[in-house]
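Subject: Handover of a structure and findings

Dear colleague,

Please find below the structure that I am passing on to you. My notes on what was found in it follow directly after.

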Amino acid sequence: MALGGHEKPNKGGSDSWLTPPWVLKELRVNDFDLDPCFCKGSPFITAKNMITEEQDGLKLEWYGRVFMNPPYSKNKDFAQKFMKHKNGISLVFARTETEWFKTYYKADCFLFLPQRITFHLPSGEKANGNAGAPSVLISIGEVNNKLLKELHKKIGGLFLKGE
């Protein structure tokens, strides 16, 4: 299969799709202060402090460097809060035509990943197929921008600087 080619996309009844461990490792998530979208029961550490869906990361105050892989049913709300916070990296589908994605247009940097990634189930088990759509890492803040630029040199993809 060609790099970035289609596998059987994974479909499910959940809004909780865990970031693959290789992405967490490359981003050095242990250096992030907060994940406002942590999936309760996940075996993966995504930041020093994690807010679960039940705690509602939209209602609580954010601090420090944020890593987030938001529930896609609340993309717009989390994108707005992320952009106001101005310090972090967000992993989302590269749905550049959607209203929620337009919220990110003024972010500092974008790394469109070179292949579709395979997320993991809330149990930590790898999903049966890839996400079915391309993903992008979006950053705000000097440290986060530098990290995405370094990752681009390592894995490729399309790296763009915002306005």
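Is Thr-96 buried, partly exposed or exposed? Its relative accessible area is 35%, so Thr-96 is partly exposed, given that the middle class runs between the cut-offs of 20% and 50%. Please bear in mind throughout that this is a predicted model.

**The loop between β4 and α3**

Thr-96 is placed in the loop between β4 and α3 (99-102). Leaving out neighbours within four places in sequence, Thr-96 has contacts with Phe-101, Lys-102, Tyr-105 and Phe-112. Thr-96 and Val-136 are 40 residues apart along the chain, and 9.9 Å separates their C-alpha atoms.

Thr-98 is also found in the loop between β4 and α3. With 18% relative accessibility, Thr-98 counts as buried, because that class covers values under 20%. From Thr-98 to Lys-76 the C-alpha distance is 9.5 Å, with their positions 22 residues apart in sequence.

**Nonpolar cores**

The largest nonpolar core has 27 residues, of which Leu-27, Phe-32, Ile-89, Leu-137 and Leu-148 touch the most other members. At least two residues of this core come from each of α1 (21-27), β4 (88-93), β5 (109-112) and α4 (142-155). In soluble globular proteins, nonpolar side chains tend to be buried together.

Which residues does Leu-27 contact, leaving aside its neighbours within four places in sequence? They are Phe-32, Phe-67, Ile-89, Leu-137, Leu-147, Leu-148 and Leu-151. Separate from the largest core is a second one of 21 residues, with Met-68, Met-83, Phe-110 and Phe-112 among them.

**Salt bridges**

Four salt bridges are present in the structure; three of them are described here. Side chains of opposite charge can pair when their charged atoms come close.

In the pair Lys-154 and Glu-26, the closest N and O atoms of the salt bridge are 3.0 Å apart. This pair links distant parts of the chain, as Lys-154 belongs to helix α4 and Glu-26 to helix α1, 128 residues apart. Lys-154 has a relative accessible area of 60% and is therefore exposed.

Glu-150 and Arg-28 also meet through their side chains in a salt bridge, at 3.4 Å from N to O. Distant parts of the chain are linked here too: Glu-150 is in helix α4 and Arg-28 in the loop between α1 and β1, 122 residues apart. Glu-150 is partly exposed, its relative accessible area being 35%. Arg-28 likewise counts as partly exposed, at 42% relative accessibility.

A further salt bridge joins Lys-48 to Asp-33, with 3.8 Å between the closest N and O atoms. Lys-48 lies in the loop between β1 and β2 (49-52) and Asp-33 in the loop between α1 and β1, so this salt bridge ties together parts that are 15 residues apart in sequence. Lys-48 counts as exposed, at 52% relative accessibility, whereas Asp-33 counts as partly exposed, at 23%.

**Backbone angles**

Arg-28 deserves a second mention. Its phi is near 50°, which is a positive value in a residue other than glycine. What is the phi of Lys-86? The angle is near 65°, again a positive value in a residue other than glycine. Lys-86 lies in the loop between α2 (75-85) and β4. Lys-86 counts as exposed, with 56% relative accessibility.

**The largest pocket**

Rolling a probe the size of a water molecule over the atoms shows where empty space is left. The largest pocket has a volume of about 370 Å³. It is lined by 27 residues, and the closest to its centre are Cys-37, Phe-38, Cys-39, Asn-69 and Pro-71.

Which strand supplies the largest share of the lining of the largest pocket? Strand β1 (residues 34-38) does, with four residues. By class, the lining consists of 13 nonpolar, seven polar and seven charged residues.

With kind regards

Conventions: Residues are numbered from 1 along each chain as its sequence is written. This is a predicted model: local features need pLDDT of at least 70, side-chain atom pairs count only at pLDDT 80 or more; totals for chains, interfaces and linings use all residues. Side-chain values use heavy atoms; hydrogens and water are left out. A nonpolar core is a set of buried Ala, Val, Leu, Ile, Met, Phe, Trp, Tyr and Cys residues joined through side-chain atoms within 4.5 Å. Buried means under 20% relative accessible area, exposed over 50%, partly exposed in between (1.4 Å probe, protein chains only). Contact means heavy atoms within 4.5 Å. On a 1 Å grid over the protein atoms alone, a cavity is a set of points where a 1.4 Å probe fits but cannot get out, and a pocket is an open set with protein on both sides within 12 Å along at least five of seven lines; lining residues have an atom within 4 Å of a point. Grid points are joined across faces, edges and corners, and a volume is the space filled by probe spheres set on the points. Ala, Val, Leu, Ile, Met, Phe, Trp, Tyr, Cys and Pro count as nonpolar, Asp, Glu, Lys and Arg as charged, and the others, Gly among them, as polar.
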